[in-house]
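The following report describes a single chain, moving from the overall fold to one central helix and then to selected residues around it.

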Amino acid sequence: MNELLREQIRVILLRQLPLRVPEKVCSIFESQVGEIKAAYQKTILEQFGAVEEDCFPPCMQALVKALTAGTNIPHSGRFALTAFLHNIGMGAAQIIELYCRAPDFDLLKTQYQVEHISGRSGTEYTPPSCAAMRTYGLCVGSDSICTKVNHPLNYYRMKRERKLRRSLLRLLIDHDPGNTHHDNKYNKCGKKGDAAPDY
């Protein structure tokens with residue numbers, strides 16, 4: 001219940017943004033705004049790196065699948081997906097390209113909406129929380145990671161970290177000089193056919 005209230009308050013506050021700022025004030029802070037945007041983009045790249053679709057949460061995978069199948073998705077779904085993709089580092093052009101298969105695709109309208117959500121208006125939006133996604137009817141089921149997070153971005157971050165740990169573990173096992181079974185047929189425990197453990 002608290003999550004829903006927080007989300008509703010956030011939506012109400014966001015509706016009032018962006019506030020009208022005099023042109024003179026904007027010009028005074030132009031260089032600082034540029035520095036903040038650059039620092040934000042750098043942080044996004046450090047946090048998420050290259051976009052990995054196999055790490056998307058089930059809700060976002062379902063939205064992408066619907067779009068690529070040529071199915072229209074609701075406005076709430078478009079907002080959630082666009083904000084999610086922007087926040088994990090996908091560029092506006094790539095996001096727009098994803099919407100090309102939608103039956104009601106309109107390039108100018110899509111470009112405006114994507115750029116608006118991505119921060120061209122001065123406000124960069126984040127995707128809705130898991131509680132809000134459930135309220136909008138966009139939660140399509142959950143997996144083991146869903147039960148541990150409360151936001152699609154946290155899901156993506158956690159799954160990428162797990163994937164990275166598994167890759168590093170495999171690398172260590174395969175290149176361990178003391179490991180006599182580094183031919184990928186055995187794991188560190190020496191049991192044939194078992195996969196590396198998921199930590």
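## Confidence and overall fold

The chain has an average pLDDT of 79, and 73% of its residues score at least 70. Over residues 181-199 the pLDDT falls below 50, although this stretch still has 22 contacts in the model beyond near neighbours in sequence. Everything described here comes from a predicted model, and the values are computed from its atoms.

The chain contains 9 helices and 0 strands, so that, by the DSSP runs used to assign them, the pattern read along the sequence is α-α-α-α-α-α-α-α-α. Of its 199 residues, 32% count as buried. Among the contacts between residues at least 6 apart in sequence, 64% join residues at least 24 apart.

## Helices α5 and α9

Helix α5 has 13 residues and reaches 18 Å from its first C-alpha to its last, close to the 18 Å expected at 1.5 Å a residue. For helix α9, residues 152-174, the 23 residues should span 33 Å at 1.5 Å a residue, and the end C-alpha atoms are indeed 33 Å apart, which agrees.

How many of the 13 residues of α5 are buried? The number is 11, so the helix is largely enclosed by the rest of the structure. The buried residues of α5 include the polar or charged Arg78, Thr82, His86 and Asn87 together with Phe79, Leu81, Phe84 and Leu85. Just after α5, Gly89 takes a positive phi of about 105°. In α9 the buried residues include Pro152, Leu153, Tyr155 and Tyr156, and also Arg160 and Arg162.

## The nonpolar core and the aromatic rings

The largest nonpolar core has 25 residues, of which Phe56, Met60, Leu81, Phe84 and Leu85 touch the most other members. The elements that give two or more residues to this core are α4 (58-68), α5, α6 (92-98) and α9, and α4 gives the most, with 6 residues. Leaving aside neighbours within four places in sequence, Leu81 is in contact with Met60, Leu63, Val64, Leu67, Leu98 and Tyr99.

A search of the whole structure finds 4 aromatic pairs. One of them joins Phe79 and Tyr125 in an edge-to-face arrangement, with 5.7 Å from centre to centre and 75° between the planes. Phe79 lies in helix α5 and Tyr125 in the loop between α7 (107-117) and α8 (130-135), so the pair ties together parts that are 46 residues apart in sequence. Tyr125 is itself buried, with a relative accessible area of 9%. Phe56, Phe84 and Tyr156 form one aromatic cluster, and of these residues Phe56 and Phe84 are also listed among the core members that touch the most others.

## Three buried residues

The table gives the relative accessibility of three residues that are taken up in turn below.

| Residue | Relative accessibility |
|---|---|
| Thr82 | 3% |
| Ile96 | 11% |
| Ser118 | 14% |

Thr82 belongs to helix α5, residues 75-87, and it counts as buried because its relative accessibility of 3% is under the 20% cut-off. The side chain of Thr82 reaches the backbone oxygen of Arg78 at 2.8 Å. Not counting residues up to four places away in sequence, Thr82 touches Ile95, Tyr99, Val114 and Ile117.

Ile96 lies in helix α6 and likewise counts as buried. When neighbours within four places in sequence are left aside, Ile96 is in contact with Phe105, Leu107, Thr110, Gln111 and Val114. The C-alpha atoms of Ile96 and Asp106, which are 10 residues apart along the chain, are separated by 9.9 Å. Val114 thus appears in the contacts of Ile96 and also in those of Thr82.

Ser118 is found in the loop between α7 and α8 and counts as buried. Which backbone oxygen lies 2.7 Å from a polar atom of the side chain of Ser118? That atom is the backbone oxygen of Val114. Leaving aside its neighbours within four places in sequence, Ser118 is in contact with His86 and Glu124, and His86 is one of the buried residues of α5.

Technical notes. Residues are numbered from 1 along each chain as its sequence is written. This is a predicted model: local features need pLDDT of at least 70, side-chain atom pairs count only at pLDDT 80 or more; totals for chains, interfaces and linings use all residues. Side-chain values use heavy atoms; hydrogens and water are left out. Helices (H or I, at least four residues) and strands (E, at least two) are DSSP runs, numbered from the N terminus. Buried means under 20% relative accessible area, exposed over 50%, partly exposed in between (1.4 Å probe, protein chains only). A polar contact is a pair of N or O atoms within 3.5 Å; within protein, one must be able to donate a hydrogen and the other to accept it, and residues adjacent in sequence count only if both atoms are side-chain atoms. Contact means heavy atoms within 4.5 Å. Rings of Phe, Tyr and Trp (its six-membered ring) pair if their centres lie within 6.5 Å; planes under 30 degrees apart count as stacked, over 60 as edge-to-face and the rest as tilted. The expected span of a helix is 1.5 Å times one less than its number of residues. A nonpolar core is a set of buried Ala, Val, Leu, Ile, Met, Phe, Trp, Tyr and Cys residues joined through side-chain atoms within 4.5 Å. pLDDT is the predictor's confidence in each residue, from 0 to 100.
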